[in-house]
Amino acid sequence: MKKNIFIVFILVLVLVMSACSNTKGSNGDKEGKESGTADYPEKVTIGYQIIPNAELLAKELKLVEKKFPNTKVKWVQFESGRDVNTAMASGDIDLGLAGTVPVVTGIATNLPYQIYYIHDVIGEAESLVVKKNLKIKSFEDLKGKRLAVPFGSTAHFSLLKALDSNGINQNEVKILDMQPPDILAAWKRGDIDGAYIWHPTLGKIENTDGQILTTSKALADKGIITADLGIVNKKFARDYPKFIADYKDILDQAIAKYKENPKEAAQSLTTILGVDETETLNQIKGLIWIDSKEQQSSKYLGTEDKKGDLAKVLEDTGKFLVDQKIITSNPKLSAYQEAIYSGK
């Protein structure tokens, strides 16, 4: 009798251990991924910014949730790429959006991420706006004025480049470090004379006694290019390459939806941007949306075998940031090329 009980006990133990083994990772958790049983994570945290590009459209249309019904999708809003870098460094997000300048800073400080997508190339969507009543007509008129910008952002880089290319030393103006909501509040109080900022804050300022002095499109025409980039935690990308591939497909779908019906796409973004359809379209047009196929050209990300010009743009940006003492050293071109995700 005791022998039979012992045999039953062993059989039950084997069944329990087998069940536990099959249960682990069934929802895409860490153990399941390490044993190669899951293509998608159980949960993904995406850091986004309110910038009128394809990712924001995908978010508002819930394309991600529809594509990954078994993955819990958490969206976390950030005000600037600097904050996205902080979240990446602490492991709080898996994917994020940051401009070329904070991404260069991240690569230079060895943050654990790679670039998997170009969300947009920045045109008139980032601009230097000044008070109309100050009658500022040229950069010379900026001397002694108070200009706000989020430090470490593409707008910061563009402001310093714009001043430099127009013969103005940055010490001849007072540059204040502010995040977009603080810039808008300071503008309304009259605490600042101008700001280099992006939409929707840019539009709100321009509509409140503001006038544009220069734009990032004007700088891009001179070869000073900035962009908003999709970044992904390296380990997450290694663990879930299919998720990254499918997520890029979603972004491409959002771009296609905009190109097929711009007005409908704009209507989907009016609430989150807080402006009407006409203004939303104007803001979208200030950015250049390019899908993943276009991004494989030599002008942008390139391919696994031949990296594109974006790596050189990042290296050139790094040189400028070293000169401005924003970063201590600039990585080699190869480091920027390696920071471009190849799908492996």
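This is a short talk on the fold, the strand pairing and the empty spaces of one protein structure.

Before anything else, please keep in mind that the model is predicted. I will start with the chain as a whole, then go through the strands, and end with the pocket and the cavities.

The protein has 344 residues, and buried residues make up 51% of them. In terms of secondary structure, there are 17 helices and 11 strands. Now consider contacts between residues at least 6 apart in sequence: 73% of these join residues at least 24 apart.

On to the strands. Six of them, in the order 2-1-3-10-4-11, form an open sheet with mixed pairing. Which strands sit at the edges of this sheet? They are strand 2, residues 72-77, and strand 11, residues 287-288, and each of these pairs on one side only. Inside that order, strand 3 stands next to strand 10. Strand 3 covers residues 95-99 and strand 10 covers residues 227-233; the two are antiparallel and share 5 bridges. If you want one pair to look for on the screen, Gly96 has Ile231 in strand 10 as its bridge partner.

Next, strand 6, which is residues 146-149. Strand 6 runs parallel to strand 7, residues 174-177, and 4 bridges join the two. Here you can find Leu147 opposite Ile175 of strand 7. Between these strands in the chain comes helix 7, residues 154-165, and strand 6, helix 7 and strand 7 together make a right-handed β-α-β unit. Strand 6 also runs parallel to strand 8, residues 194-198, this time with 2 bridges. In that pairing, Ala148 is found opposite Ala195 of strand 8.

That leaves the empty spaces, and I will take the pocket before the cavities. The largest pocket has a volume of about 320 Å³. It is lined by 19 residues, and the closest to the pocket centre are Val121, Ala220, Ile225, Ile288 and Tyr300. Where does the lining come from? Strand 4 (113-122), helix 10 (216-220) and helix 16 (310-323) each supply at least two residues. Of the elements, strand 4 gives the most to this lining, with 3 residues. Sorted by class, the pocket lining has 10 nonpolar, 6 charged and 3 polar residues.

Now the cavities. How many of 30 Å³ or more does the structure hold? There are 2.

The largest cavity holds about 60 Å³ of space. Its lining consists of Gln49, Ile51, Ser80, Gly81, Gly99, Pro102, Glu126, Ser153, Thr154, Trp198 and Asp228. By class, that makes 6 polar, 3 nonpolar and 2 charged residues.

The second largest cavity has a volume of about 40 Å³. Ile51, Pro52, Ala125, Glu126, Trp198, His199, Asp228 and Leu287 form its lining. The classes here are 5 nonpolar, 2 charged and 1 polar.

If you put the two lists side by side, some names come up in both. Ile51, Glu126, Trp198 and Asp228 line the largest cavity, and Ile51, Glu126, Trp198 and Asp228 also line the second largest cavity.

To close, here are the main items to look for in the model. They include the open sheet of 6 strands, the right-handed β-α-β unit built from strand 6, helix 7 and strand 7, the largest pocket at about 320 Å³, and the 2 cavities of 30 Å³ or more.

Definitions and conventions: Residues numbered from 1 in each chain as written. Predicted model: local features only at pLDDT ≥ 70, side-chain atom pairs only at ≥ 80, totals over all residues. Heavy atoms only, no water. 1 Å grid on protein atoms, 1.4 Å probe; cavity = no way out; pocket = protein on both sides within 12 Å on 5 of 7 lines; lining within 4 Å. Points joined across faces, edges and corners; volume = space filled by probe spheres on them. Helix = DSSP H or I, 4+ residues; strand = E, 2+ residues; numbered from the N terminus. Nonpolar A, V, L, I, M, F, W, Y, C, P; charged D, E, K, R; others polar. Pairing = 2+ DSSP bridges. Right-handed = clockwise from strand over helix to strand, strands pointing away. Buried < 20%, exposed > 50% of the residue type's maximum accessible area, 1.4 Å probe, protein only. Contact = heavy atoms within 4.5 Å.
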